[in-house]
Amino acid sequence: MIKTTLFCCLALVLGAQTTTAQTVKLFQDSCHTYSYDGSTGELQGSTRCYLHYNAADLEDTSYYFNTYSGVTSYYRYTFTYNANDLLSNYLLVQGESATGPWANFLKEDYFYDTQDRNTQYVAHFGNSNGDWVPYFRETFWFDDVAPADSSLYELWNESASAWGNYRRYFNYYYTNAAL
């Protein structure tokens, strides 16, 4: 009897541990932010968002409603992921109301190497014809022991139909146990 009671109490204590703050996943489902003028303190605008997640607990659709100077803009993000649950792309569309109709606004595509490191992303703007027009891309290079050691940021040159260099980053890393 004592062993059974002790076992039940132990099971209740262990079972209760699975709902502590360290083990429960928290998901943001909405937000509301306000923007104020830095000198006058007057309210300039606000943003509301509503987020949705897929069965793998990855954000798949988000809605943002931005109001500035009394005008509201409506945006919907749609995210897709690869087989390793890494972001493949997201699509941002803009609507005339909370229910649309929606027009292409921005799209970013992400590319990875065999070690699941993001090696490039490419952004496109939507035009009035509903087509995607390249805007910028960033390519990352890695060595074997550090995060990206360099990257190249390029802008699309519409008249030349080619990518043009915009900026180049070189990152250097060192290890120091004292930091």
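Which residue in β8 does F125 stand opposite? F125 stands opposite V133. This is a predicted model, where local features need pLDDT of at least 70, side-chain atom pairs count only at pLDDT 80 or more, and totals for chains, interfaces and linings use all residues. Residues are numbered from 1 along each chain as its sequence is written, and side-chain values use heavy atoms, with hydrogens and water left out.

**Fold**

The protein has 1 helix and 10 strands. Both are DSSP runs numbered from the N terminus: helices are H or I with at least four residues, strands are E with at least two. The elements run α-β-β-β-β-β-β-β-β-β-β from the N terminus on. The 10 strands form an open sheet in the order β1-β2-β3-β4-β5-β6-β7-β8-β9-β10, with antiparallel pairing. Its edge strands are β1 (30–36) and β10 (162–170), each paired on one side only. Strands count as paired if DSSP finds at least two bridges between them. On average, neighbouring strands of this sheet are turned by 15° against each other, direction ignored. The angle is taken between N-to-C directions, from 0 to 180 degrees, with axes as lines fitted to C-alpha atoms.

**Strand pairs**

β1 and β2 (residues 43–53) run antiparallel and are joined by 7 bridges. Y36 stands opposite L43 in β2. The two strands form a hairpin with 6 residues between them, and G41 in the turn has a positive phi of about 80°. Next, 9 bridges join β2 to the antiparallel β3 (residues 59–68). Here Y53 has E59 in β3 as its bridge partner. The hairpin of β2 and β3 has 5 residues between the strands, and D57 takes a positive phi near 65°. Further along, β7 (residues 118–126) is joined to β8 (residues 132–141) by 7 bridges, again antiparallel.

**Core and surface**

Buried residues make up 23% of the 179 residues. Buried means under 20% relative accessible area, exposed over 50%, and partly exposed in between (1.4 Å probe, protein chains only). The largest nonpolar core has 12 residues, among them Y75, L87, Y110, Y121, F136 and Y153. β4 (71–81), β5 (87–95), β6 (102–112), β7 and β8 each supply at least two residues of this core. β5 gives the most, with 3 residues. A nonpolar core is a set of buried Ala, Val, Leu, Ile, Met, Phe, Trp, Tyr and Cys residues joined through side-chain atoms within 4.5 Å.

On the surface, Y34, Y36 and L43 make a nonpolar patch of about 360 Å². Patch residues have over 30% relative accessible area and no salt bridge; like charges are joined within 9 Å, nonpolar side chains (Val, Leu, Ile, Met, Phe, Trp, Tyr) within 5 Å. Areas come from the Shrake-Rupley method with a 1.4 Å probe, and for residues only the protein chains shown count as cover. Y34 lies in β1. Y34 is partly exposed, with a relative accessible area of 46%.

**Salt bridges**

There are 3 salt bridges. Each is a side-chain nitrogen of Lys or Arg within 4 Å of a carboxyl oxygen of Asp or Glu.

| Pair | N to O distance |
|---|---|
| K107 and D109 | 3.8 Å |
| D113 and R117 | 2.8 Å |
| E154 and R137 | 2.7 Å |

The pair of E154 and R137 links distant parts of the chain: E154 is in β9 (residues 150–157), R137 in β8, 17 residues apart. E154 is buried at 8% relative accessibility, whereas R137 is partly exposed at 22%. D109 is buried, with a relative accessible area of 15%, and K107 is partly exposed at 22%.
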